[in-house]
Amino acid sequence: MESIQASRRIMTGNEAVATGVKLSRVKVISAYPITPQTTIVEELAEMVANGELDSKFIEVESEHSALASVIASELSGARSFTASSSHGILYMHENLHWASGMRAPLVMSVVNRAIGPPWNIWSEQTDTFNQRDTGWLQIYCESNQEAMDSVLLGYKIAENKSILLPVMNMLDAFTLSHTSEPVEIRSERTAYDYLGDLDLDFKLDFKNPGGYGSLLGPDGPFMEMKKDMRDSMYNSIKLIKREISNFNDQFEANLPGLTENFMMEDADYALITTGAISSTAKYTVRKLRAQGLKTGLIRLFFYRPFPGDDILKAVRGLKGLGVVERNVSYGQRGPTYEDVVSSLYGKADVPVRNYVVGLGGRDIRVKDYEKMFENLVETDGGMEWINVGVT
Amino acid sequence: MPLTFPKEEYMQKGHSACAGCGATLSMRYVLKALGPKSVVSVPASCWAVIPGEFPYTSLNIPMLYTTFASSGASISGLREGLDSQGKEDYNVVAFAGDGGTADIGLQGLSAAMERGHNVLYVMYDNEAYMNTGIQRSGSTPYGAWTTTTPVGIKRDYKKSNKKFVADLMIAQNVPYVATATIGFPEDLERKVATAKLIKGPKFIQILSPCPPGWYYNSSDTIKISRLAVEANVFPLYEYRNGKLTVYKPAKTVPLRDYLSLQGRFGHLNDVEIGEIERALEERWQYLLRREKD
C-alpha cells in the first residue's frame, strides 16, 4: 500500500508552498517577483521547465497583471495560482475585489512583509490585514507544514460550490519563507484523490454566452450578489471545520481548527496571535505556567472568516486577554482587536488589551511576551506598543 | 458596390450605445471576421456599458469584464487557461478603448505582446475618455477640445500630439499590427481575418468616431471615418513580418473638410489648422519612409 506521506524533507516555507501547488495540479501560474516571495515563483518555474508540473507559466510584468491574468484563466476553467507579498498585494488591491466578486476560487500564497516607506523587506502582516475586506478567505500559517497543506486545503475550500471564494494563505517573511524545517510531503496520489479536477459551474460558456462581471444598476441584483458573498463567507465556517477534519483524516495531518487553543482549559490570562510568532508565545506560556501563572494562547489559523464564536468559547473564565497585532492601523486600534472585541461584546466579561508588535521585522522575544502577560495581570484597557523605542 | 464581408451577426439589437456610435460598428465588424469561437475581454470603457445590464448581453459570444488596466493580462490568462484545456482553436480578443490602451493599460498591453501569447488586442480609438464624458487621453489629437482641455479664454485645447499606439507596437516588433476604421469595412474585416490566421500576438487600432464626444451629427459617423483617412489624419497601415505597408487613399481631401464637421475643433483658427496640417504631412512622409525601409 502506498504511503500517505511521500517523504519527509527539510524545506523552506517557500519550497513547501511550491510543493503544495504541484500537489494541487495547478494548470496556470502567473506571478511577478518580490522579495521574499521570489523563491516560490522560481521553484515553480523550475518544476514547469523540468516537466514535473504540467502548467502554463505566465511571467507577468506586475502583480496587478498577475492577479488579472489568473482571474481570467480560472474562469476559463483552469485551476490557477499566484503568489506575492507586501507592495505586490497592495498593487493588486482592485483585482482582489474583482477575484472574489467573480467568484474565482483561486489560491494565492502571500509572504507577509512590511510596507514602506521606509523600504523594509522583513516580516509584518499589515499587507494582508489591509485586505481583510476584499472577500478572500485568509489563513495564517505557523509552520512550513501548514504552508504546504494550506495550499491543498485552500483549493478544496475555495472550490466548494457553496463557498466559491478565493483563499490567501500567509507565511511570515524569512521566519517561514526562507527557514528550513522538516515537512511531510503529501503523496501525489492521495492529493489527487482528495482535490480532484476543477469543476466550475460558473465559467466561460461558449454555447450559452454571457457577460462575466457585466453592468448592474441600483435595482439589479448587485446588492444581492454582495450579500451572497458575505453569506458564503459566514456560512463557510462549518464547512471549513469539516474540510480540516477531512484533511487530517486523509493525510494523517494535524491542522488545527479555525483557531488553535494552546493550554486554554484552565487559563487565567491568554494572548491571541497569528503566524509564526505564535511559537515563541507558546514557549512563553509554558515557561510562565512552570512559574505558576496560568497562561494560554489562542492562535488564529483563519482570520477570514473570523472565528468569533470559537474565541468566545475559549475565553470563558479568563481574567485578561491580550490581542497581539503584527500590523498597524492608524486612528483606531488594530483590526484583530476590533474583531475580537466585537465578537465578545455583551457575551463575555473579560478585559481585552491590544499589543502592537514586530513591525518591519522587529524581534518579538520571550521577554516581550512576558511583558504582555505581566501587563495583563496588572492593568486593563489601553493599547501598548511592545519592544519599541527601547535601547 | 455590394459589401463582401460575412453576413453572420454576432452582435444583436438591443444594446445601449449612442446613435451613430463608431465603437459599436467596430465590435460588429471584428466579430464578423472572427466568428463564434471567440471570447472578448473588455476593461472599463464604453464597451463595458454597451452590451447592456446583467443578465442580458447583446453579443453572441462570451465576454469577460476586467479592471481598467488589465486587458493585456486578462487575455494572457484566458489564452493560457484555454490552451491548458486543449482549446487552442478559440480566438482570444481584448476590446479596449484608447484610454484603456494608450494610458492606463499600456504596460499590460506591451507586456502581453512581448510575451507572445496567441491573442488579438483591438484598440477602439474614439480619441478620449468617452464613457466618463470626454476627457483627454494620450490618444486625443492635437488641437482637440475635451472637458479637460476646455479651450477657455487661454486657448487651452490639447497641446500635445496624439500617441499612436500602433507605432509603439511596431517599435516592439509585434508580429501583426494594423490601423483600420469603420468607414472602410472590407479593409477592417480583411485585417482581422489576417490577424486571425497568425499564431501569436496581434494588435489592431480602429478609429471609431464618437458623435457626442466629437460634436457632430450622428448620421455623419461613416463620413467622418472616411474623411479621417482621406485627410491623412488617420493613415491606414499594416505591419507584418517586419514590413510596413501604407494605404494610399484613392482621393485626398483638405484637412478642413474633416475638422469642420466636428465641434471639438470648432475653436481652431487658420494658423492653428495650418500647423496641424504640417504636422500631419510630416507624419505621412515618415510613414512613407518607413514603408521603403
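Two strands are taken to pair if DSSP finds at least two bridges between them. In this predicted model, pairing of that kind builds an open sheet of 9 strands with mixed pairing. The order of the strands is β9(A)-β2(B)-β1(B)-β3(B)-β4(B)-β6(B)-β5(B)-β7(B)-β8(B). The edges of the sheet are formed by β9 (211–212) of chain A and β8 (243–246) of chain B, each of which pairs on one side only.

Strands of a sheet pair through backbone hydrogen bonds, either parallel or antiparallel. The pairing of β9(A) with strand β2 (residues 63–65) of chain B is in the parallel sense and extends over 2 bridges. Within this arrangement, G211(A) stands opposite M63(B) in β2(B).

Helix α6 of chain B, which covers residues 185–197, lies across several strands of its chain. These strands are β3 (91–97), β4 (120–125), β5 (176–181), β6 (202–207) and β7 (237–240). Relative to β5(B), helix α6 of chain B runs at about 160°. In total, the secondary structure of chain B consists of 10 helices and 8 strands.

The overall dimensions of chain B were also computed. The C-alpha trace of chain B spans about 60 × 45 × 40 Å along its principal axes. The radius of gyration of chain B is 18 Å, which agrees with a compact globule, because a globule of 293 residues would have a value near 19 Å. Of the 293 residues of chain B, 53% count as buried. Among contacts in chain B with a separation of 6 or more, 68% are between residues 24 or more positions apart.

Note on methods
Residues are numbered from 1 along each chain as its sequence is written. Chains are lettered from A and ligands numbered from 1 in the order in which they are written. This is a predicted model: local features need pLDDT of at least 70, side-chain atom pairs count only at pLDDT 80 or more; totals for chains, interfaces and linings use all residues. Helices (H or I, at least four residues) and strands (E, at least two) are DSSP runs, numbered from the N terminus. Two residues are in contact if their C-beta atoms, placed from the backbone, lie within 7 Å. Axes are lines fitted to C-alpha atoms, for helices over the stretch in contact, and angles run from 0 to 180 degrees between N-to-C directions. The radius of gyration is taken over C-alpha atoms; the globule rule is 2.2 Å times the number of residues to the power 0.38. A residue is buried if 20 or more other C-beta atoms lie within 10 Å of its own, exposed if 12 or fewer, and partly exposed in between; C-beta atoms are placed from the backbone.
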